[in-house]
Amino acid sequence: MADFQRVINIIPAQKVAAASSSIFTYLVPPRLHNILRPGMVVRVPLRRSEVLGVVSSQEMHRLPADTKKLKEVLDHASEIPPLDEKRLTLANWMAQKYFSALGQTLKLMLPRVPARVREQELVGRERQTADFVLTEHQRSAASQLGAALGKPGIFFLGGPSGSGKSEVYERAIERALAGEKQILILVPQIDDANALIAPFARRFGVENLCILHSAISPAERAAVWRSVHEGRKKIIIATRSGVLAPFADLGLIVVEREHDDSFVEEQMPRYDAREAAIELSRLWSCPTILVDHIPSLRAYFQIREKQITLLPLPNPVKADRHEPTIKIIDLSSPHSRARGENLGDQLRYALEENIRAKRQAILILNRRGGGTLLCPDCGYTPKCPSCEVSLIWFEARKKLQCRQCGHTEDSPARCPSCLGPGLRVMRYGTQSLEQEVRAIVEKTFPQSAHLVGRLDADTAKDKKNVAQIHKDWDSGKMLVLVGTQLIGSRFASKSLGLVGVVSADSFLAAPHYRALENAFTDFADMSGLLTRAKPAGTLYIQTFRAEHPLFERLKHFDYQNFYEQELSERKKFHYPPFVRLLRVNITGGEPRREAAAVTEKLRGILPAGSEIIGPTPPAGTHDQWELLVKFATNAPIDSSSLRRAVGGAELDPDPAVRW
Ligand SMILES: [Zn+2]
Ligand SMILES: [Zn+2]
């Protein structure tokens, strides 16, 4: 037996180059012969360092006499739960779907385990039985969900706030819990996870709960993973990385606020937790419940294609419920022409009145907007003739450019739509808005401090600052909050009287194929902020395009007809959900030549019917080139051959959020 050796195939989860081979062979030392199994985590030497890897398979090999000596496995990393077949399948699915190396995906599933592990301690009140009586609609939805347990299936539970969505899915959780199953609750933000602890502890018992998100310590995370792996914790409330947890017996998945973009991990390895949740429900034969007031366009499309079952809950009829009013302010009419920088007369008066009544107000600017041109008379925005997305204005070169295909043109001397005197650059800043609002507030209440707050990417970096904003807002001390979409449902308050969209045009004209979809769901979210307001509040939307059909649909929450229109545009111009997009970003060296070479190689491996747009240097730069690939949603593209074709270029699959 001297020329037989026990060897093992390992997928290293560290020091993985995206384009490199993902499996390495190691010798197994005798002391580990009967220990190692596929899925276990080991330490192996790789490129002069010690890395973690996952055992993929083990075999007896007759080694050729002249083989160079293989390296030996160092140790079994027994402190990390092994990956069962389901998680290995999920990792493979993610690597394939989002074009990452398998090792990169596996790394996400191996938590760092510090020397000392600390159990998570959640505080909650004593468990109480719920005595909520369901309406007929709620009962029917709850019984459909109850009957769905134990089978894979996707449901969309939709309805406005107050329609009883959580009451309905909590019944399903109760049943899954009674069957000793684990339940994964995915939420977009850390705040949302923390907000669920108290009500869930009361309903399901604090001993059943655990929380997983990026703000818990490695010591706590390691303990939570272990308790989930051993099946001791039944309800896992988590942000997107919760889909990677080592479940022992998963029986139900709930995705709260389905249309939120935070479920997409933007770093490589990229993944979309909503899609991963659906994959998990297939692996575990359990249902996924997507929850939101309206579905995303993608979910709507899947409902239409009968891949998702819609469970609609109607508006509750309650005496103390006040529907917010939506008012569209036409900035192109001479009476409401903006006098200040941000606020037109109508919104300014409404804000002043609101402040005098000591009611709270929120003013929102688009975090994705700006940089495009707008006609101040009719709201016209130049678009790319082939991509149908808004063109971006480059001041230095005095040119308009398409973010996708690189098409450039001059700014027209007159507005081509209304022949008005010219277009101007849309530029809005939360800081200038804050100053403007501060001046208005100080006129009414000269002596007070903390009355105006700002929450945007800039101020949100400081956690203490954010906590202070929450405190001042909750106590009612803060009267006006200005910022971006970071102002979430957490700020819905009873005394909120006004929400103002300063420039709807920066939403409508965002240089992205999803501009209108995002505008619709963002505006719907903003009106959702007002559902707790007493008396009823008003959503004001300032725009130069008051006649845009989106507003009429929005006033009636008619997402069906809005989405049907949007889907026909997407189909015509080849955008998701009819195709998938992949952006390839080439930097360093000679990016132009490199980009041409990558394009050639991609043409060789992409299935017929795929399109390559570009390559083009984005934002007028020359050290970076990009190309955009459109391919069929079911196209058989092998992840590793694609990564080999693009060499070291950065891949950005489904680039929806950042544009
Ligand atoms: Zn015009
Ligand atoms: Zn274009």
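Select domain 1 and domain 4 and compare their C-alpha centres, which lie 30 Å apart. The nine residues of domain 1 and 12 residues of domain 4 that make the contact (heavy atoms within 4.5 Å) can be selected next. This is a predicted model, where local features need pLDDT of at least 70, side-chain atom pairs count only at pLDDT 80 or more, and totals for chains, interfaces and linings use all residues. Side-chain values use heavy atoms, without hydrogens and water, and residues are numbered from 1 along each chain.

To find the two partners, use the domain assignment, which is automatic or taken from a database: domain 1 covers 4-108 and domain 4 covers 579-653, with domain 2 at 136-312 and domain 3 at 325-370 + 427-567.

Stay on the surface shared by domain 1 and domain 4. They bury about 860 Å² between them, 57% of it on carbon and sulfur atoms; buried area is the accessible area (1.4 Å probe) lost on putting two parts together, summed over both. On the side of domain 1 that touches domain 4 there are six nonpolar, two polar and one charged residues, with Gly counted as polar and Asp, Glu, Lys and Arg as charged.

Now zoom out to the whole protein chain. Colour by secondary structure to see 17 helices and 29 strands, which are DSSP runs (H or I, at least four residues; E, at least two). Along the principal axes, the C-alpha atoms fill a box of roughly 95 × 65 × 50 Å.

Definitions and conventions:
Chains lettered and ligands numbered in written order.
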